[in-house]
Amino acid sequence: MLRAALCAVFLLGALPSLAKESRGHITVVLLGATGDLAKKYLWEGLFHLYLDQVSSGHSFTFHGAALTAHEPGQRLMFEVLKKLACPSDVSPNRCAVVKDQFLKLSGYHQLKTSENYTALNREIETLLQQEGLKEAGRIFYFSVPSFAYAEISRHINSSCRPRQGAWLRVVLEKPFGQDHKSAQQLAMELRTFFQEEEMYRVDHYLGKQAVAHILPFRDQNRRFLDPIWNRHHVERVEIVLKETLDAKGRTSFYEQYGVIRDVLQNHLTEVLMSLAMELPANISSAEEVLQRKLQTFKSLQGLGSSSAVLGQYQAYASQVREELQKTQAYASTTPTFAGVLIQLDSLRWEGVPFLLTSGKALDERLGYVRILFRNQAYCTQKETLRVAGQSPCEARQIIFYIGHGELGRPAVLVSRNLFKPIMPEGSWKEVVDLPQLRLFGHPLSDYYVYSPAKEREAYSVLISSIFHGRKDSFITTENLLASWEFWTPLLESLTQQVPRLYPGGLENQHLLDFEIVGRELVFTLKEPVELLHADGQTPGDYRTIQDKFRQSPLVSGWPEELITQLASDMEAAAASAVMRSGEFHMALSGGSSPVVLFQRLVTHHFGFPWRRTHLWLVDERCVPLADPESNFGSLHDHLLQHVRVPYLNIHPMPVHLNRRLCVEEDRGPELYAKEIAALVTNASFDFVLLGMGSDGHTASLFPQSSRGLKGAQLVVLTESPVKPHQRMSLSLPLINKARQVAVLVMGKGKHEITTQISRVGQEPRKYPISGVRPSSGQLVWYVDYEALLG
């Protein structure tokens, strides 16, 4: 059938330009030919490619492939092909003729075994030989799950490569891993079969016309943008993708990936790169663009849990239980909404917030990029007398409107009080037919507005680029791994974070609004949580479920509420100590949980008496203080560099003496003990903050070791079961001399040990935390709901 179709194409009078000498044959194999992506976008993109190239002198055959047996697979595939439509600028007669030929040039194959791939290759080679065609190249489009990549790649490499002289292009769809490690593993597997230049990783956002025009826009408007495209003029940048649809029918995928992996790590990050990178001399050079991207990735500041806000629409959990057959007790913490604050360490962008936002079940379907410029002007003339769109007091912004929303089309908008942009003639046209529409608080007349002269679907754009061998719109291995290296620490820090529930759609109202507070992102509205007492009544203060834990006061709540309360209690203790003795001595633990607390203190507690505060460490790893593992390093990064504590009031543990780490002969513990005895009255700290490990350790006092549990030593060297093994720690007797001790326990991973500790007595050798009992002070437990209730 394919052979007959090829003959018919060359003889077809309706397409006379095909009679020219062939420029080579193109074989296209679409794997996953009956899947959703193929049905919605890929077959249409391949058909549009054929429409564009049918008169180019190339001949084509299209092979749909899947695991389904031949007869049902072929039936499913041709049901899709019969519904294909031409762009509006193609005449009905030409469309009918070309579509008929496209169907005749398309066939279905079951590709399941190595023999199937060998048979496909034999069919391609036979066709070429019989028709006397020279093969120009082969395209294999992988519209299949990434776990199948390795096996398919092995078959292609061994049985289906074109002959020497023809090119091979392998097209890969996301997801490309779940984190940096899995992405590396997948990249290594693919490299054993294909060269880098043979692989085209698709991010379909790079095919969207507004996104694809960001770099050309910056390049063509350099003389306008060079003076203002920087931290002195840009207030913030918003990169947004909102969806009204939920994840119903896709919860199996979503439970593995969530919104950050699904959208932010790839689509929105690529947009960020286009905006933030330094422009290369030649934006058409894929290699130059890649190098600029990699430089930009290196300048991104690391993300922590406070860099993000998460949400989950309320129906998601029930959809997961139904589709994945989970029990009613199953609770998912997968985010379906996320806002992330990104900042860069670069001269151009230092201090400028880049906000990446995406979610499902939101109030509208919309994608846009918005660069909002600072406005230092003050206008004395009243607003009604100002010239519309020209007043220096009006908002100044550039918007790349990706699609949907009220405008309903891709567009580039530039405030008239900025500049009139240079746009490519022929491919973009000025929009003047929507005078009543308002966007971002301003009438459309306040903007210069341009839309593509011909709208094209993203996959059609990308498939055309693949055919022409243009790699500037695709993700290289280096690019991919740099992105995962940036996002993986955030994903790991959020594993225990419970997303805010939202009803979905218009009912969300302001529940997902968020704001920048210092260097963190927080929801504007408090979470409307209600918990019931056993009698069914709602308590006035929902943070409290029970008031005692191990016979000591307990504060429990969601993480945000818990940290808010602990920070307030710390400030109250500091104020009391300063009033009593003129200074406040506080010892702080390391780990990840206190980081959020430190950030809360920095951004909300401006009355904290830092100038009267002495900061000590509860424990320290035996590493240099500048090492990423150092507790002092974390304290410095998240607290000390943001508050005004006198230099002489900061007391790091002396783990690094005489150019060596924690050597007993250097007497580091004795030095720290002497410093405490000299400065802290009765060696009694005003406040000690502790954590609790999943094995019941606290500070760096570990189970099955008697070091630091009793005796006269105030500071001891200990051994951790995990690297770095050597530690320095305050002893239990010293901790128990404090006026106030707070134990902060957060996350579902701590539920088991929290339950265990609630049932045991004082067994410090087995559970060091159980030995914390201040002799004359107060112990308060701060435990979040996940740790307390599971």
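Student: Which way does the link of C86 and C95 twist, right-handed or left-handed?
Tutor: In this predicted model, the link of C86 and C95 is right-handed, with 95 degrees about the S-S bond.

Student: And how far apart are the sulfur atoms of C86 and C95?
Tutor: They sit 2.0 Å apart, and the two residues form a disulfide.

Student: Is that pair, C86 and C95, buried or exposed?
Tutor: Both C86 and C95 are buried.

Student: Cool. How many disulfides does a search of the whole structure find?
Tutor: The search turns up two disulfides. Besides the pair we just discussed, C622 and C662 form a disulfide, with sulfur atoms 1.9 Å apart.

Student: Where in the chain are C622 and C662?
Tutor: They lie in distant parts of the chain, 40 residues apart. C622 is in the loop between β25 (619-621) and α18 (631-638), while C662 is in the loop between β28 (660-661) and α19 (668-679).

Student: Why is the disulfide of C622 and C662 called left-handed?
Tutor: Because the torsion about its S-S bond is about -90 degrees.

Student: Okay, new topic: why does C622 count as buried?
Tutor: Its relative accessibility is 7%, and buried means under 20%.

Student: What about C662, then? What is its relative accessible area?
Tutor: For C662 the value is 8%, so C662 is buried too.

Student: One last cysteine: is C160 buried or exposed?
Tutor: C160 counts as buried, because its relative accessibility is 0%.

Definitions and conventions:
Residues are numbered from 1 along each chain as its sequence is written. This is a predicted model: local features need pLDDT of at least 70, side-chain atom pairs count only at pLDDT 80 or more; totals for chains, interfaces and linings use all residues. Side-chain values use heavy atoms; hydrogens and water are left out. A disulfide is a pair of cysteine sulfur atoms within 2.5 Å. Buried means under 20% relative accessible area, exposed over 50%, partly exposed in between (1.4 Å probe, protein chains only). Helices (H or I, at least four residues) and strands (E, at least two) are DSSP runs, numbered from the N terminus.
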